[in-house]
Amino acid sequence: MTDRPEDPPAADDPPAADGLGALADRLARFAAARRWQPFHTPKNLAAALSVEAGELLEIFQWLTPEQAAAVMDDPESAHRVRDEVADVLAYLVQFCTVLGVDPLAALADKIDRNELRFPVPEPPADS
């Protein structure tokens, strides 16, 4: 996200008992309080998601595979990765909320289709 306000959770924020749903509600309240809903169209959210995914990729752009595997060992790099992952997830959650997509159900359905499309290969026959 372009603006990264550091608002602490409100005292009345529900605990993240249901994880993604609680975060989606918190994001919706955050945007509503700032009157950002008119800008949270599917197109705008998809574009923002793409930009944030690009910012995550940028961290790894010129790293060797070994450097990329160790990126979380450096506190500054790890912080950048966590921030960009959070931005990507925030926009994905908001995108799903606007379109009424349950991302966990969508993922489960996609895995089911991929299991059919890409079956586990048979073990090689003993020669």
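User: In the chain, which helix has the lowest confidence, and which has the highest?

Analyst: Confidence in the chain bottoms out in helix α1 (residues 20-33), at a mean of 95, and peaks in α2, at 98. The score here is pLDDT, the predictor's confidence in each residue, from 0 to 100. You're looking at a predicted model, where local features need pLDDT of at least 70, side-chain atom pairs count only at pLDDT 80 or more, and totals for chains, interfaces and linings use all residues. Residues are numbered from 1 along each chain as its sequence is written, and side-chain values use heavy atoms, with hydrogens and water left out.

User: What about the chain as a whole: what is its mean pLDDT?

Analyst: The mean is 89, with 86% of the residues reaching 70 or more. Over residues 1-11, though, pLDDT is below 50, and this stretch has 17 contacts in the model beyond near neighbours in sequence. A contact means heavy atoms within 4.5 Å. Residues 13-17 also stay under 50, with five contacts beyond four places in sequence. Where pLDDT is low, the predicted coordinates should not be read in detail.

User: How many helices and strands are there, and how do you know what counts as one?

Analyst: The chain has five helices and zero strands. Both are DSSP runs numbered from the N terminus: helices are H or I with at least four residues, and strands are E with at least two.

User: Why is A31 called buried?

Analyst: Its relative accessibility is 4%. Buried means under 20% relative accessible area, exposed means over 50%, and partly exposed is in between (1.4 Å probe, protein chains only). With 4%, A31 is under the buried cut-off, so the label fits. A31 lies in helix α1, and leaving out residues up to four places away in sequence, A31 touches W36, Q37, H40 and Q94. A31 and Q94 are 63 residues apart in sequence, while their C-alpha atoms are 9.6 Å apart in space.

User: Is H40 buried or exposed, and what makes it so?

Analyst: H40 sits at 17% relative accessibility, so it counts as buried. H40 is in the loop between α1 and α2. Past four places in sequence, its contacts are A31, L45, Q94 and V98.

User: R35 is in that loop too. Is R35 buried or exposed?

Analyst: R35 counts as exposed because its relative accessibility is 67%. R35 also has a positive phi, near 60°, though it is not a glycine.

User: Which residues make up the largest nonpolar core, and what makes it a core?

Analyst: The five residues are L45, A48, L49, V88 and Y91. α2 (42-60) and α4 each supply at least two of them, and α2 gives the most, with three. A nonpolar core is a set of buried Ala, Val, Leu, Ile, Met, Phe, Trp, Tyr and Cys residues joined through side-chain atoms within 4.5 Å. V88, for its part, is in contact with L49, E52 and A53, setting aside neighbours within four places in sequence.

User: Is V98 buried, exposed or partly exposed, and how do you know?

Analyst: V98 has a relative accessible area of 40%, so it is partly exposed. V98 belongs to helix α4 (residues 75-99). Together with L99 and V101, V98 makes a nonpolar surface patch of about 220 Å². Patch residues have over 30% relative accessible area and no salt bridge; like charges are joined within 9 Å, and nonpolar side chains (Val, Leu, Ile, Met, Phe, Trp, Tyr) within 5 Å. A salt bridge is a side-chain nitrogen of Lys or Arg within 4 Å of a carboxyl oxygen of Asp or Glu. At 40%, V98 is over the patch cut-off, so it can be a member.

How values were computed
Accessible areas come from the Shrake-Rupley method with a 1.4 Å probe; for residues, only the protein chains shown count as cover.
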